[in-house]
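Please open the model in your viewer and keep the sequence panel beside it. The stops below move from the whole chain to single side chains.

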Amino acid sequence: MDKAFITKIEKIVSDRKLSYLLMQTSEMFKKFDEFDSEVYKDRHLKRKYKELIGLGSSIASNCEPCIEWHISNALTAGATKQQIVEAIEVGLEIGGGPATVACRFAMMVLEYYTTNLEHKR
């Protein structure tokens, strides 16, 4: 895997850790974070499926940090590589041609998390 791509993914993960600054200064951001945590809890749908839905939506909206987040969380929640690929395909169908760029990014993130032992969570 290209070192520049690994650096890109690691920067996305690192930048997300700065969210604590927003939570210290923005009550609305803190409430959104609480809402986000509540939405992804296991209820009628297990978290794994919610993360796959989030991934498909992220593909359609071409949000690279969102794609990384949902792939990482889907894997942690027990999704298989093939389930993630199918969620990527759903995102492609929803997003149409422009979503192919996000699909390529998602496949690289999946490759990053499933083949690079030094980067496994």
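The tour begins with the overall fold and then turns to one asparagine and to aromatic pairs.

Before selecting anything, bear in mind that this is a predicted model, in which local features need pLDDT of at least 70 and side-chain atom pairs count only at pLDDT 80 or more, while totals for chains, interfaces and linings use all residues. Residues are numbered from 1 along each chain as its sequence is written, and side-chain values use heavy atoms, with hydrogens and water left out.

**Whole chain.** Show the protein chain as a cartoon, where you will find 7 helices and 0 strands, helices being DSSP runs of H or I of at least four residues and strands runs of E of at least two, numbered from the N terminus. The C-alpha atoms occupy a box of roughly 35 × 35 × 30 Å along the principal axes. The radius of gyration of the protein chain is 15 Å, which agrees with the value near 14 Å for a compact globule of 121 residues; it is taken over C-alpha atoms, and the globule rule is 2.2 Å times the number of residues to the power 0.38.

**Surface and interior.** Switch to a surface, of which the protein chain exposes about 7,500 Å², with 60% supplied by carbon and sulfur atoms; such areas come from the Shrake-Rupley method with a 1.4 Å probe. Of the 121 residues, 32% are buried, where buried means under 20% relative accessible area, exposed over 50%, and partly exposed in between.

**Helix 5.** Select residues 64–76, the helix in which N73 is placed. The asparagine N73 counts as buried because its relative accessible area is 13%. Add R47 and E51 to the selection, since N73 is in contact with both of them once neighbours within four places in sequence are set aside; contact means heavy atoms within 4.5 Å.

**Aromatic pairs.** The structure holds 3 aromatic pairs, a pair being rings of Phe, Tyr or Trp (its six-membered ring) with centres within 6.5 Å, called stacked when the planes are under 30 degrees apart, edge-to-face when over 60, and tilted for the rest. Select F32 and F35, whose ring centres are 6.3 Å apart with planes at 50 degrees, so the pair is tilted. Both lie in helix 3 (residues 27–39), 3 residues apart, about one turn of the helix, and F35 is exposed, with a relative accessible area of 52%. Move next to Y112 and Y113, an edge-to-face pair at 4.8 Å centre to centre and 80 degrees between the planes. Here Y112 is buried at 5% relative accessible area, and Y113 is buried at 7%.

Note on methods
Buried < 20%, exposed > 50% of the residue type's maximum accessible area, 1.4 Å probe, protein only.
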